[in-house]
Amino acid sequence: MYATTESLATTPAVQGSGRSRWLALYTLCAGMLMIVLDVTVVNVALPAIQDDLGFTSSSLAWVVNAYLIAFGGLLLLAGRLGDLLGRRNIFVAGLALFTAASVWCGLAGSQEMLVAARFLQGVGGALTSAVILGMIVTLFPEPREQAKAIGVYAFVASAGGSIGLLAGGVLTQAISWHWIFFINLPIGIATAWLAIRLIDKDKGLGMGRGTDVPGAVLITAALMVGVFTIVSPAAELGWTAPRTIALGALTLTLLACFVVRESTAANPLVPLRIFRSRTLTGANLVQALSSSGMFGIFFLGSLYLQRVLGYDALEIGLAFLPTTLVMGLLSVRYSEKLVMRFGPRRPLIAGLSLIVIGLVLFTQAPVGGSYVVHVLPVLILLGLGGGICFPALMGLSMADVKPEDAGLASGLIGTTAEVGAALGLAVLATLSATRTESLATAGKPALDALTSGFHFSFAVAAAIVAAAVVIACTLMRPKAAESVEVETTEVLEAA
């Protein structure tokens with residue numbers, strides 16, 4: 001079912017009705033926006049941070065990697081902790097830690113201090129973001145309202161990064177890189193205060209219902225080692241390097257041990273029964289693949305604008321605004337209508353297909369390209385595709401989920417997005433660099449070689465998202481997805 005109305009309505013996280021619930025939604029989205037913005041804001045400020053603190057090119061990557069390792073490694077655990085200890089408690093605790101760590105980042109006067117603070121930011125970000133989707137589906141159990149609320153959330157989660165490019169450029173150039181972190185202080189305090197006022201405190205299941213320390217250690221270690229492998233040895237040494245292979249094998253071993261543990265534990269951290277849902281499993285696979293293609297392309301697309309077309313940080317941020325505006329319009333105004341009219345599966349497939357077309361078009365952007373002719377149409381297609389498919393995908397990821405597992409499912413979809421984005425970025429960046437180096441060695445002009453490298457990665461990204469389309473058309477078609485469409489149609493007719 002798309003919305004388990006009766007069961008979810010009885011959960012303690014539901015706060016009254018009407019205006020207060022929508023204010024609560026905007027509060028949750030403000031917390032999510034702060035987390036999403038942080039990633040791209042920091043990326044824009046990296047050159048200034050390097051000059052000020054004396055990072056080398058290789059050590060500078062740890063300003064990003066320290067955050068990603070903590071964030072990606074703890075999302076699944078954080079989601080389950082929300083089910084056990086109360087989602088509002090975890091959300092507010094995460095905000096407090098993220099805000100405090102942001103101030104520490106802004107005050108950092110050394111490389112070690114900044115990297116350590118970024119790791120703590122990642123922990124806070126995981127705690128905050130992992131429970132948000134679970135809280136939204138309990139706040140909005142009715143199908144039509146839930147679809148609209150998820151549309152707002154999906155816009156913030158998917159389009160916020162491009163806003164960060166603009167904000168990062170403005171703050172870094174107008175004031176200093178320290179303020180990209182200090183700005184989180186008033187936002188974090190205000191968001192936590194509103195969350196406490198607007199969202200009822202839910203008790204959770206209690207640690208006695210799900211205490212599984214070995215499982216928590218295994219999955220957290222597996223995800224942290226896996227993300228570290230992707231962002232460090234794989235990106236720096238290559239996928240066939242002995243260190244990469246060894247750490248990859250360790251990741252798989254930890255995951256295998258985790259599965260064995262969860263299948264035998266009396267109170268597993270992650271009940272494996274949750275994966276019996278074809279809808280949930282398919283949604284997470286689609287999330288991983290689409291995140292791989294989209295996140296990598298935003299990064300490589302920024303490099304194309306910078307290195308080939310000569311854009312500065314602020315111009316790059318402005319260049320990506322059409323994607324944000326189109327995605328926001330569709331997510332907030334029309335995604336709910338599309339889901340209620342056609343069910344979530346058809347918009348998902350249509351949106352993913354538009355993203356594939358946009359990525360294919362990006363392979364045609366030349367060295368002397370024009371933004372209006374070669375880039376803007378791509379960004380509009382990406383905005384259209386994302387605005388149509390991501391709200392539907394978020395809804396499907398929570399379909400058939402029991403109230404007591406909502407935090408887990410929310411953390412799971414966040415984990416697949418994070419790991420998929422990290423993997424996609426590492427793979428696409430490596431492929432682009434390898435292709436560029438090969439062509440440059442063969443005597444091709446530098447800019448031509450660089451652009452061809454980008455083209456190759458854009459084509460691979462299109463193939464990755466196309467694979468997500470195939471999964472959406474096959475794995476998510478039977479019973480679960482069809483029941484979604486039937487129920488939403490019935491609700492629409494009844495209304």
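In this predicted model, helix α4 (residues 87-107) packs against helix α5 (residues 111-130). Their axes lie 7 Å apart. The angle between these axes is about 160°. An angle over 145 degrees counts as roughly antiparallel, so α4 is roughly antiparallel to α5. The crossing of α4 with α5 is left-handed.

A second helix pair is formed by α15 (residues 345-362) and α16 (residues 371-397). Their axes come within 7 Å. They cross at roughly 155°. This angle is again over the cut-off of 145 degrees, and α15 and α16 are therefore roughly antiparallel to each other. The contact of α15 with α16 contains 19 nonpolar residues. Five polar residues and one charged residue also belong to the contact of these two helices. In handedness, the passage of α15 across α16 is left-handed.

One position in α15 was examined individually. S353 lies in this helix. Its relative accessibility is 27%. Buried means under 20% and exposed means over 50%, so S353 counts as partly exposed. The C-alpha atom of S353 is 9.8 Å from that of L382. Along the chain, S353 and L382 are 29 residues apart.

Helix α12 (278-308) packs with helix α18 (residues 446-474). Here the axes are 9 Å apart, and the angle is about 165°. That makes α12 roughly antiparallel to α18. The crossing of α12 and α18 is left-handed. By class, the contact of α12 with α18 comprises 19 nonpolar, eight polar and two charged residues.

Helix α12 also takes part in a pocket lining. The second largest pocket has a volume of about 880 Å³. Its lining consists of 34 residues. Closest to the pocket centre are L223, L255, T415, T416 and V419. Four elements each give two or more residues to this lining. They are α10 (213-237), α11 (242-264), α12 (278-308) and α17 (406-441). The most is given by α17, with eight residues. In chemical class, the lining of the second largest pocket has 22 nonpolar and twelve polar residues. No charged residue belongs to this lining.

Helix α17 also contains L408. The relative accessibility of L408 is 1%. This value is under the 20% limit, so L408 counts as buried. L408 and I274 are 134 residues apart in sequence. In space, their C-alpha atoms are 9.1 Å apart.

A loop position was considered next. D212 lies in the loop between α9 (184-198) and α10. With a relative accessibility of 3%, D212 counts as buried. The sequence separation of D212 and A266 is 54 residues. The corresponding distance, C-alpha to C-alpha, is 8.7 Å.

Another individual position is T27, found in helix α2 (residues 19-53). T27 has a relative accessible area of 4%. T27 is therefore buried, as the term means under 20% relative accessible area. Between T27 and L194 there are 6.5 Å, taken from C-alpha to C-alpha. The two residues are 167 residues apart along the chain.

Definitions and conventions:
Residues numbered from 1 in each chain as written. Predicted model: local features only at pLDDT ≥ 70, side-chain atom pairs only at ≥ 80, totals over all residues. Heavy atoms only, no water. 1 Å grid on protein atoms, 1.4 Å probe; cavity = no way out; pocket = protein on both sides within 12 Å on 5 of 7 lines; lining within 4 Å. Points joined across faces, edges and corners; volume = space filled by probe spheres on them. Nonpolar A, V, L, I, M, F, W, Y, C, P; charged D, E, K, R; others polar. Axes fitted to C-alpha atoms, helices over the stretch in contact; angles between N-to-C directions. Parallel < 35°, antiparallel > 145°, perpendicular 65-115°, else oblique. Left-handed = near helix turned anticlockwise from the far one by under 90°. Buried < 20%, exposed > 50% of the residue type's maximum accessible area, 1.4 Å probe, protein only.
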